[in-house]
Amino acid sequence: METGGTGALRIRQVLLFFVFLEMSRADSEPGRFSVEEEMKSGSFVGNLAKDLGLDVGELFSRGARVVSNDNKHHLQLDLNTGDFLLSEALDREELCGSIEPCVLHFQVLMKNPLQFLQIELQVRDINDHSPVFLEKEMLLEIPENSPVGAVFLLEGAKDLDVGINALDSYTISANSHFHVKMRVNPDNRKYPELVLDKALDYEEQAELSFILTALDGGSPPRSGTALVRVVVLDANDNSPEFEQPFYEVKIPENSLLGSLVVTVSAWDLDSGKNGEISYTFSHASEDVHKTFEINQKSGEVSLMASLDFETIESYSIIIQATDGGGLFGKSTVRIQVMDINDNAPEVTVSSITSPIPENSSETVVLVFSILDRDSGDNGRMLCSIPEDLPFILKSSVKNYYTLETEGALDRESRAQYNVTITVTDMGTPRLETQHNITLLVSDVNDNAPAFTQTAYTLFLRENNSPALHIGSVSATDRDAGANAQLTYSLLPPHDPRLPLASLVSINADNGHLFALRALDFEALQAFEFRVGATDRGSPALSSQALVRVQVLDANDNAPFVLYPLQNGSAPCTELVPRAAEPGYLVSKVVAVDADSGQNAWLSFQLLKATEPGLFGVWAHNGEVRTARLLSERDAAKHRLLVLVKDNGEPALSASVTLHVLLVDGFSQPYLPLPEAAADQAQADPLTVYLVIALASVSSLFLFSVLAFIAVRLCRRSRAAWVGGCSVPEGPFPGHLVDISGTGTLSQSYQYEVCLTGGTGTDEFKFLKPIIPNFQTQGPGKEIEENPTFHKSFGFNIK
């Protein structure tokens with residue numbers, strides 16, 4: 001047992017190092033031996049020591065052994081003699097099959113040193129297999145009218161041997177009708193063919209039998225047999241014949257599926273199976289098979305698919321009638337498809353121009369073709385477009401049309417046209433196709449910008465903040481794109497003295513107007529300028545509009561008192577006789593306001609008086625009158641504070657102080673000196689606005705009253721004026737301001753108002769008061785002048 005275990009271990013070691021051993025013997029010449037198959041076990045194969053020149057003792061001492069890749073021990077080595085012996089009988093067909101030659105590979109393993117010797121053993125074939133037929137009986141059905149020389153294939157036999165022992169030939173038993181012929185295929189396989197040597201006759205012999213023998217090339221040859229039975233078939237002597245050799249049928253293309261197209265009919269003189277006829281399509285195209293179907297028994301041809309005249313106008317079908325014996329007859333069926341109006345006209349656009357420039361005329365905007373797949377009247381077509389479009393349709397070459405513009409288009413009137421091309425055929429019923437095309441009109445800069453108003457009036461309150469938005473101008477352009485993008489600008493003013501650039505600015509993108517600085521109503525009440533709007537077309541178009549800015553007055557000027565003057569050193573004293581009646585006109589406060597409207601409406605109010613209740617001020621005209629009768633107990637001197645307030649919001653005001661002296665008569669020396677009054681009337685600088693205000697206050701009514709009083713006074717006395725001035729006849733000149741009253745005090749105050757010229761400041765200058773002569777109450781008597789009275793006031797009356 002130990003020796004057997006050691007041997008197995010050594011064999012495993014040999015196998016483990018097999019790869020290295022293969023490399024060690026790669027250059028050695030192998031030993032070749034041969035043996036016939038089926039030799040008994042122990043049969044001598046050859047002597048290893050003799051063939052390879054090895055010492056027998058060396059084989060024993062080095063422990064030579066036979067090994068193989070498949071680990072099968074077909075050979076064994078006798079170490080004492082060096083002979084190769086068969087371990088078992090070898091079957092070449094099992095080992096190699098049909099491979100020739102059959103070579104087995106072995107290795108002889110020797111140790112110390114380790115060495116491998118390659119051995120090749122060729123197994124030679126012997127004829128140990130006979131040819132075998134897979135079918136032991138073969139049946140052939142051959143018509144009796146088969147021609148002499150006809151060949152019929154037979155199944156071949158199979159032989160497992162190779163080489164000379166393989167299948168070699170075929171023979172048949174003796175007969176007078178057939179002989180056998182062998183055919184060799186490209187794969188070297190041999191098949192028998194049966195050749196007819198003599199015509200068969202069913203009535204003479206309906207069946208024949210013979211033996212087919214297969215022989216191999218061995219010595220002696222081996223064989224295999226099979227029975228061949230030949231059944232003679234009755235001959236079909238008559239072919240079918242059709243009633244008509246040619247059928248012609250017309251069918252509408254809208255025929256229903258399954259409808260009968262035509263029925264063909266044929267007959268056969270034979271009887272039985274040979275007289276049974278079946279109908280089929282012969283050499284029919286795929287379209288025929290898809291569209292039609294034939295009943296094999298009745299010969300009825302039916303419609304299986306829809307017909308289309310425009311695709312296939314006619315079908316030619318060969319119908320074959322075949323009897324049971326294989327004979328046939330043929331007939332041709334021509335099916336003509338009748339056209340119906342089932343195809344609407346088609347419109348194919350070849351080219352299109354869109355958008356179309358609006359200023360282009362007689363331009364080809366569309367090229368298209370029309371097609372109707374029907375024929376005859378069904379394929380005749382009429383083409384039209386709506387009449388209310390600025391396009392015309394022109395026929396070109398066959399079935400080609402062009403669509404052209406009649407004249408220049410106007411994008412502003414219509415920027416898009418939907419053109420419907422209508423094509424109608426002449427079939428019954430008529431079919432119509434409409435093809436809609438949208439044509440765009442591209443813009444050309446042919447429209448100037450248009451302002452929404454030709455003139456704009458904007459209102460701006462004075463003393464505004466700089467950069468104040470005062471309004472907007474807006475213009476539109478009927479063009480599109482860049483042709484409609486507008487830019488606003490200020491145009492140079494007609495009056496070069498107007499500093500427009502420092503007054504307003506305009507946003508070039510949206511037309512917003514802004515005041516650049518604060519405006520003063522008293523300096524500038526309104527101004528006009530022009531704005532322009534220019535598009536971005538090429539060439540650019542523009543338009544302009546007039547903008548008038550009306551400055552609104554704000555109550556930013558307080559009333560200014562013209563009379564009595566308040567800037568002199570000596571106060572103005574009004575004389576009132578103690579005998580004055582209630583309502584006696586003491587004086588009148590004259591004031592102006594540089595503002596306008598209700599901001600210049602003035603009201604007067606007595607704020608403070610030395611003796612309340614003695615005097616009153618009329619709120620609307622500033623007249624100061626006595627409120628009651630004077631008495632001896634009343635103080636001789638009175639001081640009145642009058643408030644002058646405008647009607648603005650908020651209201652502005654000024655105050656003036658009046659000095660009133662109560663006298664028993666005008667002979668009292670209490671009149672102020674005329675020189676002092678003249679000195680107080682020195683020219684104070686006033687603006688031209690005060691002149692305007694003074695003119696507005698001195699209403700026509702006041703002028704009329706003063707004129708009436710002045711005329712009466714002039715008629716009573718022709719006294720001379722102080723300082724060389726006299727009262728003229730008729731109305732007062734325009735440079736005089738008359739302040740008169742209708743109270744009990746019959747006196748009239750007149751002031752000459754002069755504008756100093758040449759100074760550029762337009763100032764008011766109050767000249768000397770004009771004091772009339774006083775008259776006595778009695779008719780025809782005058783009050784005697786009191787020199788002391790005149791001297792006390794600085795007057796010198798001559």
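**Exercise 1. Backbone of Asn112 and His283**

Find where Asn112 lies in this predicted model, and decide whether Asn112 is buried or exposed.

Step 1. Asn112 sits in the loop that runs between strand 6 (102-110) and strand 7 (115-124).
Step 2. Its phi is near 50 degrees, a positive value in a residue other than glycine.
Step 3. The cut-off for exposed is over 50% relative accessible area. Asn112 has 68% relative accessibility and therefore counts as exposed.

Treat His283 in the same manner: which elements flank its loop?

Step 1. Strand 21 (278-282) precedes the loop of His283, and helix 6 (286-291) follows.
Step 2. His283 is not a glycine, yet its phi is positive, about 50 degrees.
Step 3. With a relative accessible area of 73%, His283 is exposed.

**Exercise 2. Cis peptide bonds**

Locate the cis bonds that lead into Pro539 and Pro564.

Step 1. Ser538 and Pro539 are joined by a cis peptide bond with omega about 0 degrees. Pro539 belongs to the loop between strand 41 (526-535) and strand 42 (542-552).
Step 2. From Tyr563 to Pro564 the peptide bond is cis, and omega is near -5 degrees. Pro564 is placed in the loop between strand 43 (560-563) and strand 44 (573-577).

**Exercise 3. A four-stranded sheet**

State the strand order of the open sheet that contains strand 9, and explain why strand 9 and strand 12 each have one side without a neighbour.

Step 1. The sheet has four strands in the order 9-16-15-12, with mixed pairing.
Step 2. Strand 9 (137-143) and strand 12 (167-172) are the edges; each has a single partner strand, so one side of each lacks a neighbour in the sheet.
Step 3. From one strand to the next, the twist averages 25 degrees.
Step 4. Strands of a sheet pair through backbone hydrogen bonds, in either the parallel or the antiparallel sense. Strand 9 pairs with strand 16 (residues 223-233) in the parallel sense, over seven bridges. Glu141 has Val231 in strand 16 as its bridge partner.

**Exercise 4. The surroundings of Ala321**

Determine whether Ala321 is buried or exposed, and list its contacts beyond four places in sequence.

Step 1. Ala321 is part of strand 24 (residues 314-322).
Step 2. Buried means under 20% relative accessible area. The value for Ala321 is 0%, so Ala321 is buried.
Step 3. Apart from neighbours within four places in sequence, Ala321 is in contact with Pro240, Phe242, Ala266, Ile277, Ser278, Tyr279, Leu327, Phe328 and Gly329.
Step 4. Pro240 is 81 residues from Ala321 along the chain, while their C-alpha atoms are separated by 6.3 Å.

**Exercise 5. Salt bridges**

How many salt bridges does the structure hold, and which parts of the chain does the Glu346 and Arg373 pair tie together?

Step 1. The structure holds 16 salt bridges.
Step 2. In the pair Glu346 and Arg373, the closest N and O atoms are 3.0 Å apart. Glu346 lies in strand 26 (residues 346-352) and Arg373 in the loop between strand 28 (364-371) and strand 29 (381-384), so the pair ties together parts 27 residues apart in sequence.
Step 3. Glu346 is partly exposed at 31% relative accessible area, and Arg373 is partly exposed at 44%.
Step 4. Arg411 and Glu412 form a salt bridge at 3.3 Å, N to O. Arg411 is buried at 13%, and Glu412 is buried at 14%.
Step 5. A network of salt bridges links Glu137, Glu207 and Arg229.

Key: Residues are numbered from 1 along each chain as its sequence is written. This is a predicted model: local features need pLDDT of at least 70, side-chain atom pairs count only at pLDDT 80 or more; totals for chains, interfaces and linings use all residues. Side-chain values use heavy atoms; hydrogens and water are left out. Two strands pair if DSSP finds at least two bridges between them. Helices (H or I, at least four residues) and strands (E, at least two) are DSSP runs, numbered from the N terminus. Axes are lines fitted to C-alpha atoms, for helices over the stretch in contact, and angles run from 0 to 180 degrees between N-to-C directions. Buried means under 20% relative accessible area, exposed over 50%, partly exposed in between (1.4 Å probe, protein chains only). Contact means heavy atoms within 4.5 Å. A salt bridge is a side-chain nitrogen of Lys or Arg within 4 Å of a carboxyl oxygen of Asp or Glu.
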